[in-house]
Every structure is written in C-alpha cells, then in structure tokens.
Amino acid sequence: MLRDTDAVATLAVRDLNAAAKFYGEMLGLSRASTEDNEAIVFESGDTTINVYRSTFAGTNKATALTWAVDDVEEIVRTLKAKGVTFEHYDLPQTKREGDVHVAGDHKIAWFKDPDGNILSVMNR
C-alpha cells in the first residue's frame, strides 16, 4: 500500500530561524517552502524534510533522521569544518575512528541539530 509512496521526515524545533540556518547553511539543504512561520520544508535528494515549530522539540532520544552517503568521512570533515559537533557512543562490536563509528563495513556518524534532534550520516 505505501511501498511506492515517498515518505517525509518530520522534525520538531523550538526556533525556526535557528533551524533554517542549520539545515540550510550548515547542512546545505534547499528550502522548498515555508508555512506561515510555523514550518519549513527542505529538499534532500528525492525526499523532503518538514521542520516545524513545537514545544516537544528535542525530546526524542533516538536517531530521528539518517542520510545514506557514499563517503561518511568526507561528509563528517565538511560538516565539522562548518562547526557541527559529532556525538560519540559506546556501542558493542563497534570501534570509533575519529567521529565515525565502524562495525565491519558499516560506518555511521551522529550529530544533533540546535534543538537536540539526533541526525546521522551512514554509508550506503
């Protein structure tokens, strides 16, 4: 039923202006639309990310959004140069190489947006 339908990631934020700067300038996403100063829709590849104002922003303690990328290390270097801080977790059967967590062929790096939403980049 939903298999062939695109999904939209939805992230709650407190400060829409800070979110616009982070997602637009730091992550390089294009703004698709704005809804009455309550939400911004960003384009990311063939998907969209709906960032909306909410008092519940940052309450999710799990990864909210992941990008599958070709070169995790390059994305990490680029984001770090823009001031993004990466999270470090102690995970079983996982070693850390700088800011990248490695488990076999699987590589992932986590970071947070200004409201504490946990985001990540992982290899395809």
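I looked up the start of helix 2 (residues 72–81) in this predicted model, where local features need pLDDT of at least 70, side-chain atom pairs count only at pLDDT 80 or more, and totals for chains, interfaces and linings use all residues. Asp71 caps the N-terminal end of helix 2, with a side-chain oxygen 3.3 Å from the backbone nitrogen of Glu73. Residues are numbered from 1 along each chain as its sequence is written, and side-chain values use heavy atoms, without hydrogens or water. Helices (H or I, at least four residues) and strands (E, at least two) are DSSP runs numbered from the N terminus.

I then asked which residues of helix 2 are buried. They are Val72, Val76 and Leu79; buried means under 20% relative accessible area (1.4 Å probe, protein chains only). Seen down the helix axis, these residues fall within an arc of 70° (taken from the directions from the axis to the C-beta atoms), so they line one face of helix 2. An α-helix has 3.6 residues a turn, so residues three or four places apart point the same way. I noted that the buried residues pack against helix 1 (16–26) and several strands, including strand 9 and strand 10. Just after helix 2, Gly83 has a positive phi of about 105°.

Next I turned to Asp113, in the loop between strand 9 (106–112) and strand 10 (118–123). Asp113 is buried but has no salt bridge (a side-chain nitrogen of Lys or Arg within 4 Å of a carboxyl oxygen of Asp or Glu). The nearest side chain of opposite charge, Arg14, is 7.6 Å away; Lys and Arg count as positive, Asp and Glu as negative, and His and the chain ends are not counted.

Key:
Buried < 20%, exposed > 50% of the residue type's maximum accessible area, 1.4 Å probe, protein only. Contact = heavy atoms within 4.5 Å. Polar contact = N/O pair within 3.5 Å; in protein donor to acceptor, adjacent residues only side chain to side chain.
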